[in-house]
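Hi,

Here is the structure I promised to send over. Have a look at it first, and then read on for what turned up.

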Amino acid sequence: MALRAQELIESPPHLHGFDAAGRPESWALSPETLRLLDDAIEPGSRTLETGAGVSTVLFALREADHVCVAPAEDEVRRIREFCAANGISTERVSFVVERSELALPRFEPTALDLVLIDGSHSFPNVFIDWHYTAARLRLGGLLFVDDINLWTPRVLHDFLREDPSWALDAEVPMRSAVFRKQLAVDGAANWTEQPFVVARSHLTRGSRAMAMLRQGQFRTLLRRLRPR
Ligand SMILES: C[S@@+](CC[C@H](N)C(=O)[O-])C[C@H]1O[C@@H](n2cnc3c(N)ncnc32)[C@H](O)[C@@H]1O
């Protein structure tokens with residue numbers, strides 16, 4: 001009988017190689033995040049993740065039409081072997097064994113229901129992953145960002161929290177955040193339309209006021225202009 005999601009989450013396999021002492025390693029999503037992912041995937045969901053591991057097994061098990069982009073061939077081999085040994089088909093999973101920041105710009109921009117960003121956590125790779133997947137996510141689709149304790153995913157998390165195109169759906173503190181896409185994402189948006197950027201920029205009073213006007217923040221602007 002095929003492994004069930006609950007069993008996978010409770011005893012996840014080690015799929016990420018070995019440490020210097022030869023012990024098997026796992027950089028898997030937390031059990032809480034895996035549960036959120038399990039709830040969000042439907043059979044036939046169009047999904048994409050950067051990075052690979054237990055999450056990939058879960059996408060396969062839940063029969064998503066899944067794309068996994070990660071450069072480590074040995075991880076992909078372990079995932080395939082684990083799935084085969086546990087009665088999980090990987091037929092609907094397309095593995096792209098390459099760094100996502102190089103592969104994603106070449107992909108056809110087909111629609112996606114769910115994206116998981118959990119590949120390279122270096123600067124600027126997290127943002128490249130987001131840039132090339134956010135526009136493809138359908139309205140109402142979910143974006144999972146893992147490792148928000150690290151600076152790069154944290155900045156993405158903080159940006160999305162303040163951006164009107166996204167609503168926070170769930171958060172596992174210091175681990176992961178799930179955002180729901182509410183409005184089309186305009187890759188060409190001017191910085192003045194990005195509240196996160198405006199709030200953290202060194203601006204003259206005049207240019208800050210203009211940026212607030214463009215964002216329709218009339219009340220905040222009036223409050224600031226009122227004499228103390
Ligand atoms: C934190 S692990 C992913 C864990 C996985 N989500 C799970 O639940 O087991 C990070 C992954 O990113 C992959 N990775 C490293 N550099 C990458 C890059 N430039 N592009 C895509 N994936 C990358 C690693 O090979 C590894 O699979």
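One term before the rest: a residue is called buried when its relative accessible area is under 20%, and exposed when that figure is over 50%. Keep in mind that this is a predicted model.

By that cut-off, tryptophan 130 and phenylalanine 159 are both buried. Their rings sit with centres 5.8 Å apart and planes at 70°, so they make an edge-to-face pair. This pair ties together distant parts of the chain, since tryptophan 130 belongs to helix H6 (residues 125-134) and phenylalanine 159 to helix H7 (residues 151-162), with their positions 29 residues apart. The two also belong to one aromatic cluster, made up of Trp130, Phe159, Trp166 and Phe196.

Aromatic pairs come to five in total. Another edge-to-face one joins phenylalanine 123 and phenylalanine 127, at 5.7 Å centre to centre and 65° between the planes. Phenylalanine 123 has a relative accessible area of 59%, so it counts as exposed.

Now the ligand. It has 20 residues around it, and the closest are Val54, Ser55, Glu75, Ser100 and Asp118. By class, that shell breaks down into nine nonpolar, seven polar and four charged residues. Helix H3 (54-61) and helix H5 (100-103) each contribute at least two residues to the shell.

A few polar contacts are worth a look on screen:

- Glutamate 75 uses a side-chain N or O atom, 2.5 Å from an oxygen atom of the ligand.
- Serine 100 has a backbone N or O atom 2.9 Å from a ligand nitrogen.
- Leucine 29 also comes in through the backbone, with an N or O atom 3.1 Å from an oxygen atom of the ligand.

As for how covered the ligand is, on its own it exposes 600 Å², and the protein buries 90% of that.

Last, the cysteines. How many disulfides does a search of the whole structure find? The answer is zero. Take cysteine 68: its closest cysteine sulfur is the one in cysteine 83, and at 10 Å that is too far for a bond, because a disulfide needs the two sulfur atoms within 2.5 Å. Seen from the other side, the closest cysteine sulfur to cysteine 83 is that of cysteine 68, again 10 Å away and too far for a bond. Cysteine 68 is buried, at 1% relative accessible area, and cysteine 83 is buried too, with a relative accessibility of 1%.

Cheers

Note on methods. Residues numbered from 1 in each chain as written. Predicted model: local features only at pLDDT ≥ 70, side-chain atom pairs only at ≥ 80, totals over all residues. Heavy atoms only, no water. Near = heavy atom within 4 Å. Polar contact = N/O pair within 3.5 Å; in protein donor to acceptor, adjacent residues only side chain to side chain. Areas by Shrake-Rupley, 256 points an atom, 1.4 Å probe, with all protein chains shown as cover. Helix = DSSP H or I, 4+ residues; strand = E, 2+ residues; numbered from the N terminus. Nonpolar A, V, L, I, M, F, W, Y, C, P; charged D, E, K, R; others polar. Phe/Tyr/Trp six-rings, centres within 6.5 Å; stacked < 30°, edge-to-face > 60°. Buried < 20%, exposed > 50% of the residue type's maximum accessible area, 1.4 Å probe, protein only.
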